[in-house]
Amino acid sequence: MKVLIKILKILLFAILLIYIGAILVWNFSQPAVKWKKEDFKIVSEVFPEDFMWGTATAAHQVEGNNTNNNWYAWEHSLNEDNESTIHNNDKSGKAADHWNRYPEDIQRMQDLGMNAYRFSIEWSKIEPEQGIIDRAAIQHYHDLVDSLNAAGLTPMMTFHHFTQPIWFDDLGGFEKEENISLFVKFCRLVFEEFVDKVDYYCTINEPNVFITGGYVRGDFPPGKKDPQLAGEVLFNLLKAHTLVYRTIKALPGGRDAKVGIVKDIFVFEPRNRFHPGDWLVARTVDKAFNESTLAFLKTGYYNFEFPPVSISKEYRIGKGSYDFAGLNYYSHIIFDFSFDQEKALEPHMPEDEIKTDMEYTMYPEGLYTAIKRIASLGAPIIITENGVADRDDDIRGLYIQEHLSAVSKAMEEGYDIDGYFYWSLMDNFEWAEGYDMKFGLYALDTLSQERSLRKGALTLKNIIQGN
Ligand code: FCB
């Protein structure tokens, strides 16, 4: 009996030690970051003169008349309950008619004092059928790029921002490894067209959001809920990114081009920092969503762990396949442990923070941590997206001010950041949220197509002018 009690005591002691050890390691490796009011100041001297100040948009969200891609098909399809999965049953439709109104939109960027613009090109417009190239569509993007250059705005072009042609989806899209070459071919064609006038290229926007929406949550096309497939598609996207990068680098002018991927970093945290279960959920999601991609880019090894899914692959030339690291940052999410996996994965917002119109709070400290994290890729960083959905425009100014203070703090500490692109120039079609989310520096009236400057935008304008 005595021996048994002794063993039990040792066992309990060991469990206690493991618990304390794990909690300490986790808390040290990802400390809670919370700043005081006075910490949010912008050190304007840190922004160099050639710092890129811009806004970001994506073709499908602003151009209008995209009727040949996966999102168009998705907007016009119904789920098993016979409902549209898009808020209010919205359709992208004419969007912001940016296809026709880009000249006046460029003027707006200039009015705000900007010197750069990130946009995406619509594959389904350039290649409406497999192998058929629409020269008029390419000409449109030439006109856009020429106008940007003439206006002193550095163009940054994204090849894939969530949309792909219907014919590509019909072939299985990125679910099939053999389809990757079709995307690479398209990017090569575009690069060869624009090499003389565009320096910055983003290969793929937010591969992790693409797979989370399309293959985990199922609220993005193709609307599947299949984590195994999600992990495979993510690998194919990273492979596609790598091949686009390596292909461009080998082309004339490729060495001088700056090619990168756009990684969104969401900060995932435990609700209770002393609860191993909460940590377990936060770390599991972080590994699948953030670390899988970051580690691949750093090493060429791919590990996607999302229990029970476990995928390991290697693609060594993925290592270092970027000239800059594009960072999109919006917020953080907290998790509560539950034995019910679906419940455990429910995202929560901290109650003590300012809420935005999306299901996230305002957490500028997270941009600072995200910068530190993406800096591990060892390349210059460009904040390719950061912005807030705020229909009343009462927190936009503060949001911009505080997030730029996080950027300036990181730069002061020596992090190499080359640009900041606010999402977005004007309100636009916010994917599954339809037109309900108002991210724009300009409010958009979708009926009259009128744009009106929001007060919050002046904060950004003043900060840019201050530099
Ligand atoms: C990002 C997307 C972008 C936009 C913003 C709000 O995840 O890249 O298209 O929808 O969110």
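Which residues does glutamine 30 touch, not counting residues up to four places away in sequence? In this predicted model, glutamine 30 touches Val267, Phe268, Glu269, Arg273 and Trp279. Glutamine 30 itself belongs to the loop between helix 1 (2-29) and strand 1 (52-56). One of those partners also offers a polar contact: a polar atom of the glutamine 30 side chain lies 2.9 Å from the backbone oxygen of phenylalanine 268.

Now let us turn to the ligand. Around the ligand sit Gln61, His161, Asn205, Glu206, Tyr330, Glu385, Trp423, Glu430, Trp431 and Phe439. Sorted by class, this shell has 4 nonpolar, 3 polar and 3 charged residues.

If you are setting up a closer look at the polar side of this shell, here are three side chains, each with an N or O atom paired with an oxygen atom of the ligand.

| Residue | Ligand atom | Distance |
|---|---|---|
| Asparagine 205 | oxygen | 3.0 Å |
| Glutamate 206 | oxygen | 2.5 Å |
| Glutamate 430 | oxygen | 2.7 Å |

How much of the ligand does the protein bury? Taken alone, the ligand exposes 290 Å², and the protein buries 94% of that. As for where the ligand sits, the space it takes is the largest pocket.

Put together, the picture has two parts. In the loop after helix 1 (2-29), glutamine 30 has Phe268 among the residues it touches. In the largest pocket, the ligand is surrounded by residues including Asn205, Glu206 and Glu430.

Technical notes: Residues numbered from 1 in each chain as written. Predicted model: local features only at pLDDT ≥ 70, side-chain atom pairs only at ≥ 80, totals over all residues. Heavy atoms only, no water. Near = heavy atom within 4 Å. Polar contact = N/O pair within 3.5 Å; in protein donor to acceptor, adjacent residues only side chain to side chain. Areas by Shrake-Rupley, 256 points an atom, 1.4 Å probe, with all protein chains shown as cover. 1 Å grid on protein atoms, 1.4 Å probe; cavity = no way out; pocket = protein on both sides within 12 Å on 5 of 7 lines; lining within 4 Å. Sits in = over half its atoms within 2 Å of the grid points. Nonpolar A, V, L, I, M, F, W, Y, C, P; charged D, E, K, R; others polar. Helix = DSSP H or I, 4+ residues; strand = E, 2+ residues; numbered from the N terminus. Contact = heavy atoms within 4.5 Å.
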